[in-house]
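Me: Please take a close look at the interior of this chain, with attention to its packing, and set that part against the chain as a whole. A connected account would be preferred to a list.

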Amino acid sequence: MTDNFIPSKSTPREAGDAKRRRDRVRKLRGFFRSLSSHALISFVGLFFLIPFLWMVLTAFKSTQDVFHTPPRWLPYDNVLVDVDGEKLPLYNVQTNDGVRQLAAAAIVEGVGTFVDPANPAVQMEYKIQRGEVKIAEPIMRVHFNWKNFPDAMERGSRPGVGASFWVYFKNSLVIAFISIVGTLLSNTPVAYAFARIKFPGRDLLFIVILATMMLPYQVTMIPLYLFFNDFLGWGNSFLPLVVPTFFANAYDVFLLRQFFRTIPEEMCDAARVDGASEWQIFTRLIIPLSVPVLATVTVFTFLWAWNDFTGPLLFLTSPKNFTMALGLQDFQGQRTMVWNQLMAASVVFTVPIIIAFFFAQKTFIQGIKLTGSKE
């Protein structure tokens, strides 16, 4: 090795090739990073998507197909043929003349009575299964059984007490609507005061309000029940469920305050210079600029009111006042469980939530991003 080593200088062409190689490696690395993150998000999303799809598809299955082994994703039902004006299921039956397609007139204790649809006067009897060999196997087709929905609505009804799924649906909508109105009316002025108006002890009071978020509902459940039910006499009514929404809660106050603080103070100062009062600034400047976060609070409140089970269970005793959550629980407790109809009722329960989310999706996500982006 010599002490006078001088590194060779790369030519412009070699430098250009090296730069292109680095760019290719950078793009390839970015592609795989994006691919892995999307794959991870999709994998996590499957934990929520698969049960939802299973619920929706089971809502369209026949009772026979619900218990099919192994389970199938798509809903199947028997192929029916018209025999003397009666719809009978069609079977593939192994006979002495080979496999024939026969209609099952009756199946009793593993023995089926079959008729040929072309010659229904002649009846034949075959065992459905002999050992592990299936002698008669139903012919199935993909069929979406829409009748499960009206059957579920009818099964969940109690005509004697004026309760039905549509009554539960209406009760849930009424509670959700009043809760949204109460939440928006009570939380927005409180959040504005904490965000824009300076008064002694403001920050300490805000911390105390935030501290109430650490108090679980189970702790206040019994005192609230005694207060609303025994002291005010509001039992078996919607009042204990909707009146508290007209008093600000810590979570929505925090969410709205965070958004209000992102609106430039200079805009409010300009309005004050023009002679606007705090109320005019709040109603004519802050509220119109806060549509995204108001939509977010609306969606959160709707989801909370629609899914709430403990509150209605605590205060509502008459079936005609039940909400959808209680109606589903009541449906499960009735006689024999019919799983496809239960899934149909669950789909009806879930559809308003999906509709609300998709209608407010863009504004909802914008509100979430803005409230969490800046203090």
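Reply: The accessible surface of the chain comes to about 23,400 Å², and carbon and sulfur atoms hold 64% of that area. The model is predicted, and the values that follow are computed from it. Of the 375 residues, 35% count as buried. The chain has 15 helices and ten strands. Its radius of gyration is 33 Å, whereas the globule rule gives 21 Å for 375 residues; the chain is therefore more spread out than a compact globule. Along the principal axes, the C-alpha trace spans about 95 × 95 × 40 Å. Among contacts with a separation of 6 or more, 64% are between residues 24 or more positions apart.

Within this spread-out chain, the interior can be described through its nonpolar cores. The largest of them has 34 residues, and Phe149, Phe165 and Met324 are those with the most contacts inside it. Six helices give two or more residues each: H3 (148-155), H4 (165-196), H7 (239-242), H11 (291-307), H13 (324-332) and H14 (339-359). H14 provides the largest share, with eight residues.

Phe165 shows how parts of the chain meet in this region. Leaving aside residues up to four places away in sequence, Phe165 touches Ala152, Met153, Gly156, Ser157, Met324, Gly327, Leu328, Phe331 and Ala345. Phe165 falls within the range of H4. Of its partners, Ala152 and Met153 fall within the range of H3, Met324, Gly327, Leu328 and Phe331 within that of H13, and Ala345 within that of H14. Met324, one of these partners, is also among the residues with the most contacts inside the core. Apart from this core lies another, of 20 residues, which includes Ala195, Ala271, Ile286 and Val293.

Helix H11 deserves separate attention. It gives at least two residues to the largest core, while Val293, which lies in the other core, is one of the buried residues of H11. The full set of buried positions in this helix is Pro292, Val293, Leu294, Ala295, Thr296, Val297, Val299, Thr301, Phe302, Ala305 and Trp306. How does the length of H11 agree with its number of residues? At 1.5 Å a residue, its 17 residues should span 24 Å, and the C-alpha atoms at its ends are 24 Å apart, so the two values agree.

Positions elsewhere in the chain provide a contrast. Leu204, in helix H5 (residues 202-211), has a relative accessible area of 58%; the cut-off for exposed is over 50%, so Leu204 is classed as exposed. The C-alpha atom of Leu204 is separated by 65 Å from that of Glu14, these two residues being 190 residues apart along the chain. Asn236 lies in the loop between helix H6 (217-231) and H7. Its phi is positive, about 55°, although Asn236 is not a glycine. With a relative accessible area of 28%, Asn236 is partly exposed.

The strands form a further setting. Strand S2 (residues 80-83) and strand S3 (residues 86-95) pair in the antiparallel sense over four bridges, with Val81 bridged to Leu88 in S3. Two residues separate S2 from S3 in a hairpin. Asp84, in that turn, has a positive phi of about 55°, and its relative accessible area of 68% places Asp84 in the exposed class.

S3 also pairs with strand S4 (residues 98-108), antiparallel and over six bridges. Leu90 stands opposite Ala103 in S4, and S3 and S4 form a hairpin with two residues between them. Strand S9 (residues 136-138) is joined to S3 by three bridges, again antiparallel; here Ala136 is the bridge partner of Val93. S3 is thus paired with S2, S4 and S9.

One peptide bond ahead of these strands should also be recorded. Thr69 and Pro70 are joined by a cis peptide bond, with omega about -5°. Pro70 is found in the loop between helix H2 (63-66) and strand S1 (76-78).

Technical notes
Residues are numbered from 1 along each chain as its sequence is written. This is a predicted model: local features need pLDDT of at least 70, side-chain atom pairs count only at pLDDT 80 or more; totals for chains, interfaces and linings use all residues. Side-chain values use heavy atoms; hydrogens and water are left out. A nonpolar core is a set of buried Ala, Val, Leu, Ile, Met, Phe, Trp, Tyr and Cys residues joined through side-chain atoms within 4.5 Å. Buried means under 20% relative accessible area, exposed over 50%, partly exposed in between (1.4 Å probe, protein chains only). Contact means heavy atoms within 4.5 Å. The expected span of a helix is 1.5 Å times one less than its number of residues. The radius of gyration is taken over C-alpha atoms; the globule rule is 2.2 Å times the number of residues to the power 0.38. Accessible areas come from the Shrake-Rupley method with a 1.4 Å probe; for residues, only the protein chains shown count as cover. Two strands pair if DSSP finds at least two bridges between them.
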